[in-house]
Amino acid sequence: MKSILPILTVVAAIIVLWYGAAVWLNSKWVYDQAARAGVEVSFSEVVKQTMNQERPKLPAPHQVAAELWKTTVEKKITSKRSLIFHSWITLSATLLGFAIGTGLGILLAVGIVHNRAMDMSVMPWAIASQTIPIIAIAPMIIVVLNSVGIQGLLPKAIISAYLSFFPVVVGMVKGLRSPGMMELDQMKTWNASPAQTFWKLRLPASMPYLFASLKVGIAASLVGAIVGELPTGAIRGLGARLLSGSYYGQTVQIWAALLAAAILAAGLVGIVGLIQRITLRRMGMAQ
Amino acid sequence: MTSDAVIAARDLGLTFQTNDGPVHALKDVNLQIARGDFVSFIGPSGCGKTTFLRVVAGLEEPTAGQITVNGMSPDEARRARAYGYVFQAAGLFPWRTIAGNVKLPLEIMGFTRAEQEKRVKKVLQLVDLEGFERKFPWQLSGGMQQRASIARALAFDADILLMDEPFGALDEIVRDHLNEQLLKLWARTGKTIAFVTHSIPEAVYLSTKIVVMSPRPGRIHDVIESPLPRERPLDIRDTPEFLEVAHRVREGLRAGHAYEG
Ligand SMILES: Nc1ncnc2c1ncn2[C@@H]1O[C@H](COP(=O)(O)OP(=O)(O)OP(=O)(O)O)[C@@H](O)[C@H]1O
Ligand SMILES: [Mg+2]
């Protein structure tokens, strides 16, 4: 309960700043309107008018909240206008991409740790892959896969995996290499096989590192899934909501989608964190 | 070489090639350890005690001379799981319970599950840790962790026990207690024990044979056969015989140091 107070304080501060920024950014439009109509407006009038514009530069928090309410609680989740519906579309691509990325990341890490050739060759490529902007690669992946008849969930999941495998590789390599000389010597005195050393020493030792990576990885997966929805002209998913919002200048819709994405990300990271806590506690390694 | 020499080293040498030039960790080491011996290695830091143990264990390759363990090369002996090795730090795996840690070598060696349970129970009893099976290492004191690591080295019942300063980090009282327990265990099991220590009383109290080493290059300065009986209550340490052996060890250490410079 003690941790809730600082969190609330920060949230309150953000909301205050947000309102301030909304007044500041949206007031120009109010002044322009007034000038065109040839009337004077008082400051309090300006503030009032910055709060409820149709297409504000920056929607006020209560506008976004209202939009969120309208598109989640008041719509059926099968509706094209339900944010829950769109969130689910994005979430499914995120989860599939996260699974692929994590699996690939772990496999690569195991290869890197056990095979000298892979150690020398894979890491530079993995790093290079992350220096290319995902926004440049995403359309290509979509187009290429589309040309071989793969559409829908999978291309988005692959883009999502492309972002999430990297932190998993990095963390897992570090984790698998975390046992010290003494632990490895111990295994040697028992004449343990490489497979036994892997399953009984390297893998359990890597768990804290893996979970730290998974938290980064799941957030990266969500970003990947959203980016994957942008170039397709998709009509479903949070990315599609962002895109159509910006086409039509629907800033309230954009911000609602952004907030939904943020809530989704926080939820996903929270779930990974929970699994981490439970697993490490069971392993006796809770920090 | 006598036929019952469990460990026999002849003209053994090990030189590490380092960036600052060669380090002669061991030179011209000749030593016979008989079955059932309790041998302590004592000497100043860097005289090659750990290195010798590691050579016996097949963790380090000698660069000169010969060594056999149970009549085999150290590496063959390692593969035959001829010894249990207790490192200076307990080195328990934090994700395994005490029982799980003791079980680890048994799992690796392919003991049946029933046999694993039986042995874990037995060795934990041997080191006075019954009731702590389900605790994790961090829930135990340093001394208890060290006992668990000894139990782990005993679990697969190798004839040879190699111990590198196992009680180095513990206080005097706990150390006394563990020394006593170790002697009992040795008497009960008849194992051959090679034991590294920095403490003269500990070496004299435990050993049938004390190897005094000197550094740079690491070599054996003196080998003292203890005249003390195998049965040793703690207060044997106040007898003249005990003090005489301790005196000889101390002289040896001093003379070994005097070689330097
Ligand atoms: N892997 C290594 N590479 C290079 N030099 C080493 C290595 N291991 C040990 N040495 C050197 O060999 C010498 C003997 O080391 P060793 O660890 O056997 O000493 P020790 O008698 O066990 O000392 P201590 O009482 O401090 O544990 C030292 O000079 C040490 O620096
Ligand atoms: Mg040492």
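**Close-up 1. What lines the largest cavity in this predicted model?** By class, the lining comes out as seven nonpolar residues, one polar and one charged. Here they are by name: Leu126(B), Val127(B), Arg147(B), Ile150(B), Phe167(B), Leu178(B), Gln181(B), Leu182(B) and Leu185(B). Two elements of chain B, helix H5 (142-154) and helix H6 (172-189), give two or more residues each to this lining. H6(B) has the largest share, with four residues. The volume is about 70 Å³, and the structure holds just one cavity of 30 Å³ or more. Domain 1 (1-82 + 160-168 + 177-261) and domain 2 (89-157) of chain B both put residues into the lining, so the cavity lies between them.

**Close-up 2. The largest pocket, with about 630 Å³ of space.** Count 23 residues around this one; those nearest the centre are Glu67(A), Arg81(A), Arg241(A), Gln250(A) and Gln253(A). The full lining splits into eight nonpolar, eight polar and seven charged residues. Three helices of chain A, namely H3 (61-72), H10 (238-247) and H11 (251-282), chip in at least two residues apiece.

**Close-up 3. Helix H6 of chain A and its two sides.** Start with the length: this helix runs over residues 134-147, and at 1.5 Å a residue its 14 residues should span 20 Å. The end C-alpha atoms sit 20 Å apart, which agrees. Now for the buried residues of H6(A): Ile134(A), Ile137(A), Ala138(A), Ile141(A), Ile142(A) and Leu145(A). These cover an arc of only 135° around the axis, which puts them on the same side of H6(A). That fits a general rule: an α-helix has 3.6 residues a turn, so residues three or four places apart point the same way. Over on the other side of H6(A), you'll find Met140(A), Val143(A), Val144(A) and Ser147(A) exposed.

**Close-up 4. A cis peptide bond between Arg216(B) and Pro217(B).** Omega here is about -5°. Pro217(B) is in the loop between strand S8 (209-214) and strand S9 (219-225) of chain B, and Arg216(B) is placed in the loop between S8 and S9 too. Take a look at the backbone of Arg216(B) as well: phi is near 50°, a positive value in a residue other than glycine. Is Arg216(B) buried or exposed? Its relative accessibility is 61%, so Arg216(B) counts as exposed, the cut-off being over 50%.

**Close-up 5. Asp128(B), a non-glycine residue with positive phi.** The angle is about 65°. Asp128(B) belongs to the loop between helix H4 (113-126) and H5 of chain B. With a relative accessible area of 39%, Asp128(B) is partly exposed.

Terms used:
Residues numbered from 1 in each chain as written. Chains lettered and ligands numbered in written order. Predicted model: local features only at pLDDT ≥ 70, side-chain atom pairs only at ≥ 80, totals over all residues. Heavy atoms only, no water. 1 Å grid on protein atoms, 1.4 Å probe; cavity = no way out; pocket = protein on both sides within 12 Å on 5 of 7 lines; lining within 4 Å. Points joined across faces, edges and corners; volume = space filled by probe spheres on them. Nonpolar A, V, L, I, M, F, W, Y, C, P; charged D, E, K, R; others polar. Domains from an automatic or database assignment. Expected span 1.5 Å × (residues − 1). Buried < 20%, exposed > 50% of the residue type's maximum accessible area, 1.4 Å probe, protein only. Arc of directions from axis to C-beta.
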